[in-house]
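Got your viewer open? Here is a walk through one model, stop by stop, with something to select each time.

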Amino acid sequence: MKKIGKYSFGIGDRFAHQGKAQLKALMKAQKGGIEVTPVWNKSNREHMYVHSNPSDTRDEADQAVKVLGYKGDYCVDADHINLGNVQGFITSSDFFTIDVASKIGIPATTEDTASFIASCAAYTGELNIPNITHPFHVNDELLKKIADKFLTAITEAGKIYRYISEHKGSDDFVTEISMDEVESPQSPVELFFILKMIANQGIPAQTIAPKFSGRFNKGVDYVGDVAMFAKEFEEDILVIDYAVKSFNLMDNLKLSVHSGSDKFSIYPEIQKILSKYNKGIHVKTAGTTWLEEVIGLAVSGGEALKAAKSIYSQALVRKDELCAPYADVIDINTGQLPTVEEVETWSSEKFANSLRHIPGHPDYNANLRQLIHVGYKIASEMGTYYTDLLKANSEVIGQCVEENLYDRHLKRMFKL
Ligand SMILES: [Zn+2]
């Protein structure tokens, strides 16, 4: 079975032009002593919006690896797939993010629920997880509640896992289970029994993406109580460690942080906890690269700056339509968005500084950044006009992408 390394970053980008720049950033980290496995990921939703195919992501990854002479391991992730759309990803992917969020809350059959509860008998009463100071009180009532919420979802994950391995003809791929795109976070004790369900299903999960407390808005910093997040994150790490040993799960099973780019205020906490327990992590950061493309265009000036401004002005007009699919993961204060007329007067520098994620920079505007984040559909509609500009300005854009991933993300996350 393909096994993912200790640290990995979900990269990939909407238009599949930045593979090399992203890989360069990871290779730079490698030179600094931190090996981070690149995972090019793209969801079915993104493919639909930009009219691309899973094989394009595979080509982008293979091409970047070849051109840069990269010798390490890498993966191509079928991001947020389900039984309805996994088919198209089977040949080109070797990492599958099985999304079962839509099945959460559908109660399982009485029989399945009873057999799950029976399988947890050894963990009822006072459940002490090493290094977590307070015990969890587990009884059949709690187990039934957890089963009612998650058992159908994990049973479905089992079906999807088996579908993938049957159609691939092997188990030579990485499996992630994701439940991040839901309203309420899973508690550490819920995570423990979700892992029991995963073990019961025989899914060799290597990464798991729970929903954490606080808001993981797209492209901007974490919003929430950092200390509370750190406590929850640490307990999740300890729960996974104990579950791996108790349920015989994959020994490299680790947390996956979705919408993980730009969450600068929690990176130091994550870093501290990972090094305290010597644990790995997977962080999905693909979205941030699209924003760097727009920054790179703005910096390039001329026609490219005009295109960047046009993306903003069209996004402003179509705000409601663009934001709707991302309602749970963005928070835009409309009053803080500059007018089209105002942006028309902006220089390259002013546009780039408003969009670039440098917290505390006087021009930085998180509202504008989130709006452009959801505006990639507009660039997609521009077709070759947009992708030709990416090609013509590839050097400047590549530098922006690399710098963002290395200086603002990898350095902060791994104390490079
Ligand atoms: Zn996700």
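## First stop: a helix residue

Select threonine 113, and you'll land in helix H4, which covers residues 110-119. Bear in mind as you click around that this is a predicted model. Is threonine 113 buried or exposed? Its relative accessibility is 6%, so threonine 113 counts as buried. Now show what surrounds the side chain: apart from neighbours within four places in sequence, threonine 113 is in contact with Ala108, Lys144, Ala147 and Leu151.

## The zinc site

Next, pick the zinc ion and show whatever coordinates it. Which residues do that? You should find His80 through NE2, Asp180 through OD and His258 through ND1, at 1.9 to 2.8 Å. Read along the chain, the donors of the zinc ion have the spacing H-x99-D-x77-H.

Colour by secondary structure and look at two of those donors again. Histidine 80 sits in strand S3 (residues 75-81), while aspartate 180 sits in the loop between strand S7 (174-178) and helix H6 (188-200), so the pair ties together parts that are 100 residues apart in sequence. Turn on a surface, and remember that both histidine 80 and aspartate 180 are buried.

## A proline that touches Asp180

Keep Asp180 on screen and add proline 210, because the list of residues that proline 210 touches includes Asp180. The full list, not counting residues up to four places away in sequence, is Met179, Asp180, Gln186, Asp236, Leu255 and Ser256. Where is proline 210? Look in the loop between strand S8 (205-209) and H7. Proline 210 has a relative accessible area of 3%, so it is buried.

Want a distance to try out? Draw a line from the C-alpha of proline 210 to that of glutamate 181: the two are 8.7 Å apart in space and 29 residues apart in sequence.

## H7 against H8

That loop leads on to H7, so to speak, and the next selection is a helix pair. Select helix H7 (residues 226-247) and helix H8 (residues 267-277). Their axes come within 10 Å and cross at roughly 30 degrees. H7 and H8 are therefore roughly parallel to each other, and their crossing is right-handed.

Show side chains to see who makes the contact:

- From H7: Val226, Phe229, Ala230, Phe233, Glu234, Ile237 and Leu238.
- From H8: Glu269, Ile270, Ile273, Leu274, Lys276 and Tyr277.

Colour that set by class, and the contact of H7 with H8 comes out as ten nonpolar, no polar and three charged residues.

## Two residues with positive phi

Move to asparagine 278, in the loop between H8 and strand S10 (281-284). What is phi here? Phi of asparagine 278 is near 55 degrees, a positive value in a residue other than glycine. Asparagine 278 has a relative accessible area of 56%, so it is exposed.

Then jump to alanine 16, in the loop between strand S1 (7-11) and helix H1 (19-31). Alanine 16 isn't a glycine, yet it has a positive phi of about 55 degrees. With 26% relative accessibility, alanine 16 counts as partly exposed.

## H9 against H16

Now for another helix pair: select helix H9 (residues 286-300) and helix H16 (residues 384-392). The axes of H9 and H16 are 10 Å apart, and the helices pack at an angle of about 75 degrees. That makes H9 roughly perpendicular to H16. Zoom in on the contact, and you'll find Trp290, Glu293 and Leu297 on the H9 side, with Tyr386, Leu389 and Leu390 on the H16 side. By class, the contact of H9 with H16 has five nonpolar residues, no polar ones and one charged.

## Valine 401 in H17

Select valine 401, which lies in helix H17 (residues 394-414). Its relative accessible area is 1%, so valine 401 is buried. Which residues is valine 401 in contact with, leaving aside its neighbours within four places in sequence? Light up Gln18, Ala21, Gln22, Thr289 and Glu292. For a longer line across the view, connect the C-alpha atoms of valine 401 and leucine 274: they are separated by 26 Å, and the two residues are 127 residues apart along the chain.

## Last stop: isoleucine 330

Finish at isoleucine 330, in the loop between helix H11 (319-323) and helix H12 (340-344). Buried or exposed? Isoleucine 330 is buried, at a relative accessible area of 7%. Not counting residues up to four places away in sequence, isoleucine 330 touches Arg215, Asn217, Lys218, Cys323, Gln370 and Val374. Draw one more C-alpha line, from isoleucine 330 to proline 130: 36 Å in space, and 200 residues along the chain.

Key:
Residues numbered from 1 in each chain as written. Predicted model: local features only at pLDDT ≥ 70, side-chain atom pairs only at ≥ 80, totals over all residues. Heavy atoms only, no water. Axes fitted to C-alpha atoms, helices over the stretch in contact; angles between N-to-C directions. Helix = DSSP H or I, 4+ residues; strand = E, 2+ residues; numbered from the N terminus. Parallel < 35°, antiparallel > 145°, perpendicular 65-115°, else oblique. Left-handed = near helix turned anticlockwise from the far one by under 90°. Contact = heavy atoms within 4.5 Å. Nonpolar A, V, L, I, M, F, W, Y, C, P; charged D, E, K, R; others polar. Donors = N, O, S within 2.8 Å, 3.2 Å for Na, K, Ca; no water. Buried < 20%, exposed > 50% of the residue type's maximum accessible area, 1.4 Å probe, protein only.
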